[in-house]
Every structure is written in structure tokens, then in C-alpha cells.
Amino acid sequence: MKYLILTAALLGIASSRAQSPADSARFCDPANWEVIRNENGILVKEYQSRRKQENTFLFSAPQALYVMEVNPALCRIAPVQDEKKQTVSRAVRSREALAGVNGGFFAVKPEPRDAAVANDYLKIGGQVISPAPTPGWGNAAVGFDSCRIPHFAHWDKSMENDLGWSAAYPDVLVAGPMILLGGQSLHGWPDIDKNALTEADKHSLYAPRTAIGIRPDSTVVLVVIDGRRGRAFGASFTEMAVIGRWLGLTDMMNLDGGGSSAMVAGRLLVNFPSDGCGILPLERNVANVLLVFPR
């Protein structure tokens, strides 16, 4: 059996044009994961492939992947947006939350300069706080019901009126795209040779990502994958869909990414945002976040 696994791994190294069976074996191997935190209903794990060890790569590239599993019986998740942009770490501390990740897209050059302005529909505590009209980048939504369980849907502007889909949920955050819905991947696997990509192509197709998903037992899973660094290539939406399936998710939605991608547990910045340099991580100020609170 070990020879079959070794052969699969070698095939995975040789080809960068398709998902290799070796990827799932590596992903599911507990030896490749480190538990960062496991308390208060939150389990945080890290998969970090070693830059010069191809047998630890995912999708033919080095990756740094972080997963936060949230027990819905002990924790609740809520979107938060204050008047001014702030880092996820600051939002976690100021709200005395257990953890958090960055939220949806936002205005990069608002007036005033540091104002927090969502780029898409955002409702918190039953109050719509997004600008009107919204630019409408987002095409997917997560709504949190009164029990704080997330529900997912494709999004269009007709859903934000008083009788639309969003009316059923006190909290709604629009971003996107949807990655998984009803257990089905919404992104087919492309025939791409990563070694042949230009730097511009790499930057646009493979990036740091943040996503939120749910399992059939209502466990909420937050995912951050680093990118644009030597030890962290970043992921495409197709690869995020595969990761979501490996994690047992039925639904998964992309949030803001790039330099905005950040995961915080307590006072610990778990990942390494791409705005950082060298050994110094640097969080970006974002407009809104998803925070994890005790019930």
C-alpha cells in the first residue's frame, strides 16, 4: 500500500495540470497538520507545506492553509462593521470576541479616508448599513438566522427588498463567488500548467483567499489560504472548492481576499497576510469582519 501512495505522490509532483490523488492523501494525513488552538468551541489547524519538499505540496505548489472549525453549540458568528476601517485583530480585541476573519469587499477610497464602507449589501442586527446603491460586485450571500446558523445563496439585488431572501435573516453579508452550494462544486477544474503562467496570470488566478462554509452537522468552517509568497502560492476558486470538499462542507462562499485575508484566534494572528514583508506580518485595515463569540 505504501508503494501505491508513493507512486501517486510522484505522479502528483510531475503534473501541474490536474488535481492529483496524492493531494487528498497529503491533506488528510494528520502528520501534515498542526493544531494551533483547541478551546472554547474553536479548533484552529494549520497545513503548511515545506517549500523545498514537493511531497508536501498541494496542487503542485507550496501552500499555507489555515482552518477554523466553530462548534455552533458553543459559539456564534456575526458580521461586524464599525465607523472606521480596522484590522481583524483590533476588531477581535475591541469586541472581546474569541476569533475572527476578514469579511466582504469594501470601498478602497472612501470619504472620509478611513471610513468603513461595505461594497455590497450588508445587514447587521436587522439594520441595513451598506451604501445605497451598492456597486454590486458580490454575487453570493451568507445569511445568519436567529440561531446564528449560516445559510448561503446566489445573490442579486432583487433579494435585498423587504420580501426578498435577505428578509429572513437578521444578519446578511454579500461577497462571492459561491464556491460550493448544496454539496456541488461551482468551479470546474481547468487545464492550466502553473509553470507556464506569467506573473500577472499567477496574481489574478491564484491569490490569498478567505472563505466561510458549513458542514451537514452545522459546524461552521472558516478557511484562509495565504498566497503571493515563496512558501504560499495561493489558490484558485477551483482549488478552494476541492479544499471545501475535503473539509466535508456542503456550502462554501468566498469572502474578500488578497492582502485582506486574515485569521485571528484570541490575540494570535494565525496566518501571514500578503501585505507583510520578510518575517513581519502586516494586517490590512478592512471595513467589516466575521467575529466568533461565545454563546
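What follows is a chat about a predicted model of a protein.

Q: What does the protein have in the way of helices and strands?
A: Since this is a predicted model, take it as such: the protein has five helices and 18 strands.

Q: And how does the radius of gyration sit against a compact globule?
A: It agrees: for 295 residues a compact globule would come out near 19 Å, and the protein has 19 Å. The C-alpha trace spans about 60 × 40 × 35 Å along its principal axes.

Q: What share of the residues is buried?
A: Buried residues are 55% of the 295. On contacts, taking those between residues at least 6 apart in sequence, 70% join residues at least 24 apart.

Q: Switching to sheets. What's the strand order in the open sheet of five strands?
A: The order is 7-6-10-8-9, and the pairing is antiparallel.

Q: Which strands stand at the edges?
A: Strand 7 (127-128) and strand 9 (150-154). Each has a single partner strand, so one side of each has no neighbour in the sheet.

Q: How many bridges are there between strand 6 and strand 7?
A: Two bridges, in the antiparallel sense, with strand 6 covering residues 122-124. I124 has Q127 in strand 7 as its bridge partner.

Q: What about strand 1 and strand 2, how do they run?
A: Antiparallel, with six bridges joining strand 1 (residues 33-39) to strand 2 (residues 42-48). V35 stands opposite K45 in strand 2. Their hairpin has two residues between the strands, and N40 takes a positive phi near 55° there.

Q: Which residue in the loop between strand 2 and strand 3 should I look at?
A: Try F59, which lies in that loop, ahead of strand 3 (64-70). Its phi is near 55°, a positive value in a residue other than glycine.

Q: Is F59 buried or exposed?
A: F59 counts as buried, because its relative accessibility is 4% and the cut-off is under 20%.

Q: And S218, what's its phi?
A: Near 75°, again positive in a residue other than glycine. S218 is in the loop between strand 13 (209-214) and strand 14 (220-225). At 23% relative accessibility, S218 counts as partly exposed.

Q: Where are the cis peptide bonds at P112 and P177?
A: One joins E111 and P112, with omega about -5°; P112 is in the loop between strand 5 (99-102) and strand 6. Another joins G176 and P177, where omega is about 10°. P177 lies in the loop between strand 10 (171-175) and strand 11 (178-181).

Q: OK, helix 5: mostly covered or mostly open?
A: Mostly covered, as eight of its ten residues (237-246) are buried. Among them are M240, V242, I243 and W246. Just after helix 5, G248 takes a positive phi of about 80°.

Q: How much space lies in the largest pocket?
A: About 290 Å³. There are 20 lining residues, and the closest to the centre are F105, D256, G257, G258 and R284. The lining divides into eight nonpolar, eight polar and four charged.

Q: How many cavities does the search find?
A: Two of 30 Å³ or more, over the whole structure. The second largest has a volume of about 30 Å³.

Q: What lines the second largest cavity?
A: Its lining includes F105, D120, Y121, L122, V174 and N288. By type, the lining splits into six nonpolar, three polar and one charged. F105 also turns up among the residues closest to the centre of the largest pocket.

Terms used: Residues are numbered from 1 along each chain as its sequence is written. This is a predicted model: local features need pLDDT of at least 70, side-chain atom pairs count only at pLDDT 80 or more; totals for chains, interfaces and linings use all residues. Side-chain values use heavy atoms; hydrogens and water are left out. On a 1 Å grid over the protein atoms alone, a cavity is a set of points where a 1.4 Å probe fits but cannot get out, and a pocket is an open set with protein on both sides within 12 Å along at least five of seven lines; lining residues have an atom within 4 Å of a point. Grid points are joined across faces, edges and corners, and a volume is the space filled by probe spheres set on the points. Ala, Val, Leu, Ile, Met, Phe, Trp, Tyr, Cys and Pro count as nonpolar, Asp, Glu, Lys and Arg as charged, and the others, Gly among them, as polar. Two strands pair if DSSP finds at least two bridges between them. Helices (H or I, at least four residues) and strands (E, at least two) are DSSP runs, numbered from the N terminus. Buried means under 20% relative accessible area, exposed over 50%, partly exposed in between (1.4 Å probe, protein chains only). The radius of gyration is taken over C-alpha atoms; the globule rule is 2.2 Å times the number of residues to the power 0.38. Contact means heavy atoms within 4.5 Å.
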